[in-house]
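Good morning, colleagues. I would ask you to look at the model on the screen while I take you through one strand and its surroundings.

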Amino acid sequence: MYRYDEFDAALVRERVAEFRGQVARRLSGDLTEEQFKPLRLMNGLYLQLHAYMLRVAIPYGVLSSRQLRTLARIARDYDKGYGHFTTRQNIQFHWPALVDTPDILAELADVDMHAIQTSGNCIRNTTSDQYAGAAADEIEDPRVWCEVIRQWSTLHPEFSFLPRKFKIAVSASAKDRAAIRVHDIGLQLVRRDDGRTGLRFMSAAALGARRMSPC
Amino acid sequence: MKLVSANRLSDGAVIYLGRDGGYVERLCDAARFDTAAAEDEIRRLSAAIDVVEVCGVEVDGDAPVGRAALRETIRSAGPTTRRDLGKQAEVRNVSL
């Protein structure tokens, strides 16, 4: 399991503090909904038909016991006792109150979790094979490559407010368990003829804003 | 006739403009307006800081009608996949 370093932890905590201020300004009327919407989306918070929905990243589908217990506590204390695991390695809480979301994000930060880039028109959380690191047929652990992409893309100013969302998935196996062919960019680790690791690159597939011909 | 609806900013809950000008949570308690009056109320409510997504809801009695009928029926009741959640779980007389 990837362990956050002190830079990751500080970034997530600063992000929570920043969002707490943004929520307070929205509730007081200093921010309009038009101004606030892209800010809440960058923190995983949607407004849906019945309530807000908070989407939390579960990097590469791996959870520690401590993290899972925190998710359960959040579901119990701030939501309606359940969460919805998604196909792109997130969990969604469907009934959080806006006023509670800074506290929820702070509890997530305590266990190295966050909702950064789980929504909005940015490069979304990079996903991978759910068996990454343990699959017998993988060339190498794809999560290392995922982490390089995540660290490069997180809050990248050039890619934070794109025209539409942008999704990347990485697989290291011949069998595609990461659905790389339906992502905006799909990366497949392959063994080259010279024995070195190579990358097969696929782009512009169906999860993108507009389906385009593969290239 | 029309109702005026929105989501409450603080928790996202569906609310309606009530007969006394305040907010109510049940569609059956909402004030009814003719089209022109509803447009005035929508404009007025859109300036409020405690609600978002202000809209008009066309109704016949307590039933949403028109092209948004299904959406508004679901908004008034709760998720169709979880009948134990939302207003339908709290209020027994919501018609589905």
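In the hairpin formed by β4(B) and β5(B), two residues lie between the strands, and B:G61 adopts a positive phi near 70°. I should state at once that this is a predicted model. The two strands of the hairpin, β4(B) and β5(B), which covers residues 63-64, run antiparallel and are joined by two bridges. Within that pairing, B:D60 is found opposite B:A63 of β5(B).

Which strand does β1 of chain B pair with? Strand β1, residues 2-8, pairs with β4(B) in the antiparallel sense, over six bridges. Here B:V51 of β4(B) has B:R8 opposite. As a general remark, side chains in a regular strand alternate between the two faces of the sheet.

I turn now to the contact between the chains. Twelve residues of chain A are in contact with 16 residues of chain B. Which elements of chain B each supply at least two residues of the side that touches chain A? They are β4, spanning 51-60, and the helix α2, spanning 69-77. By character, the residues on that side of chain B comprise eight nonpolar, five polar and three charged. Thus β4 of chain B appears in two settings: β4(B) pairs with β1, and β4 also supplies residues to the side that touches chain A.

Finally, a word on confidence. The average pLDDT of chain B is 92, and 94% of its residues score at least 70. For the model, the ipTM is 0.89 and the pTM is 0.90.

Terms used
Residues numbered from 1 in each chain as written. Chains lettered and ligands numbered in written order. Predicted model: local features only at pLDDT ≥ 70, side-chain atom pairs only at ≥ 80, totals over all residues. Contact = placed C-beta atoms within 7 Å. Helix = DSSP H or I, 4+ residues; strand = E, 2+ residues; numbered from the N terminus. Nonpolar A, V, L, I, M, F, W, Y, C, P; charged D, E, K, R; others polar. Pairing = 2+ DSSP bridges. pLDDT = per-residue confidence, 0-100.
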